[in-house]
Amino acid sequence: MNVRRFVILSIKISRAHQIVAIDKSLSANIVSCTGIHADVKGHLQTGRDIQHIGEVSILFNSGRVHPLHHSVGYHDKPLQKCNRFMQIQERMFSASKVCGFYQDAGTATDEKGIFLPYQVIIYLECKAKK
Amino acid sequence: MKLTKYQMIKVKVETPAQTVKFSAVTDKLYSRVDGIYVSMPNDNSHFGSTLELRIAEEEIFPDGFETKLLATDQSSSPNERFLIFENDEIVEAAGSLIEGRFTDGGFTDGISFPYTLNIYLKLKNSK
């Protein structure tokens, strides 16, 4: 029997256009990944939505498959009509690595144009053997 | 027939950035948890707030899981708001222990304390 497991990758961005490498080992009981969602954590004093605050690139199975390269946005309201993970369907090799990068776009600024540090959370929706 | 029930768990949050541990029990007349949804009086309380949850000693949401992923705005009807478990994912109910840890995100603009976080469980019995 499978159970749902969420894997959380946390990335802190402190300067404009910063690039952060992603390199995380998954636990051995994870058998597949069915969704990815990346979002800014908390509130930023931007005073506006930002369509493109950065971009994320994710590779599974120690770099053998590349299911996602997509922009990340910031919403000035915390809730949306629905919170949907971007659906994928990848089998995971036992104890493989998730790797990739997050690149800031330099758009996380306040009304005076000053860059606002922030944290991005990348959620992997996975299935694991119980 | 007792096929579906919506059970509510209330968690009182007294101060900004507070971490509240809570526990509850699922209704013993229903065999599995089919879905979960979370609401707060002010949508902005979801900024940075997290919910760690275990049911029947199984991890449902890990430490750091944001509550905004378990909620929608008011444009969705209540039945559309639940995170639904698939048929091959069994989350046992039937009197299972629910153990949770909620951490308020610390956003205070326009938010009154204390407030109450509601967690809704959709419980099912197989036909």
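Biologist: What makes the pairing of the side chains of A:D104 and A:Y118 a polar contact?

Modeller: In this predicted model, the side chains of A:D104 and A:Y118 are joined at 2.5 Å, and since a polar contact requires N or O atoms within 3.5 Å, the pair qualifies. The side chain of A:D104 also reaches the backbone nitrogen of A:G106, at 2.7 Å, a value that again falls within the 3.5 Å limit.

Biologist: How do you know whether A:D104 is buried or exposed?

Modeller: The relative accessible area of A:D104 is 2%, and the word buried applies under 20%, so A:D104 is called buried. A:D104 belongs to strand β7 of chain A, residues 97–104. Setting aside neighbours within four places in sequence, A:D104 has contacts that include A:I13, A:R15, A:H17, A:I53, A:F115 and A:Y118. One of these partners, A:I53, is 51 residues away along the chain, yet the C-alpha atoms of A:D104 and A:I53 are separated by 6.2 Å.

Biologist: How many disulfides does the structure hold?

Modeller: Over all chains, the structure holds zero disulfides. A disulfide is a covalent bond between the sulfur atoms of two cysteines, and here the call rests on a cut-off of 2.5 Å between the sulfurs.

Biologist: Why does A:C126 not form a disulfide with A:C33?

Modeller: The closest cysteine sulfur to that of A:C126 is in A:C33, at 4.1 Å, and because the limit is 2.5 Å, the two are too far apart for a bond. A:C126 itself has a relative accessibility of 0%, so A:C126 counts as buried.

Biologist: And what keeps A:C82 from being counted in a disulfide?

Modeller: For A:C82 the closest cysteine sulfur is again in A:C33, but at 19 Å, which is too far for a bond. With a relative accessible area of 32%, A:C82 lies between the limits of 20% and 50%, and A:C82 is therefore described as partly exposed.

Biologist: Turning to the interface, what makes the pair A:K130 and B:E92 a salt bridge?

Modeller: The closest N and O atoms of A:K130 and B:E92 are 3.9 Å apart, and as the rule accepts a side-chain nitrogen of Lys or Arg within 4 Å of a carboxyl oxygen of Asp or Glu, the pair is included. The rule finds six salt bridges across the interface of chain B and chain A, and the count of residue pairs in polar contact between these chains, both residues being at pLDDT 80 or more, is 11. On the side of chain B that touches chain A, β5 (58–61) and β6 (83–84) are the elements that give two or more residues, and β5(B) supplies the largest share, four residues. That side divides into 12 nonpolar, eight polar and 12 charged residues.

Biologist: How much area do chain B and chain A bury between them?

Modeller: The two chains bury about 2,600 Å², of which 52% is on carbon and sulfur atoms. Within chain B, the residues that lose the most area to chain A are B:F47, B:K68 and B:L69, which together make up 24% of what that side buries. In terms of contacts, 32 residues of chain B meet 28 residues of chain A.

Biologist: Why is B:E66 called buried?

Modeller: Its relative accessibility is 0%, and because buried means under 20%, B:E66 meets the condition. B:E66 sits in the loop between β5 and β6 of chain B. Not counting residues up to four places away in sequence, B:E66 touches residues of both chains, among them A:K41, A:I121, A:Y123, B:S49 and B:T50.

Biologist: How do you know which side of the cut-off B:N44 falls on?

Modeller: B:N44 has a relative accessible area of 18%, and since the limit for buried is 20%, B:N44 is likewise buried. B:N44 is placed in the loop between β3 and β4 of chain B, where, leaving out residues up to four places away in sequence, B:N44 touches A:P78, B:F107 and B:I111.

Biologist: What is noted about the backbone of A:N61?

Modeller: The phi of A:N61 is near 50°, a positive value in a residue other than glycine. A:N61 lies in the loop between β4 and β5 of chain A, and at a relative accessible area of 4%, A:N61 is buried.

Notes. Residues numbered from 1 in each chain as written. Chains lettered and ligands numbered in written order. Predicted model: local features only at pLDDT ≥ 70, side-chain atom pairs only at ≥ 80, totals over all residues. Heavy atoms only, no water. Buried < 20%, exposed > 50% of the residue type's maximum accessible area, 1.4 Å probe, protein only. Contact = heavy atoms within 4.5 Å. Buried area = accessible area lost by both parts, 1.4 Å probe. Polar contact = N/O pair within 3.5 Å; in protein donor to acceptor, adjacent residues only side chain to side chain. Nonpolar A, V, L, I, M, F, W, Y, C, P; charged D, E, K, R; others polar.
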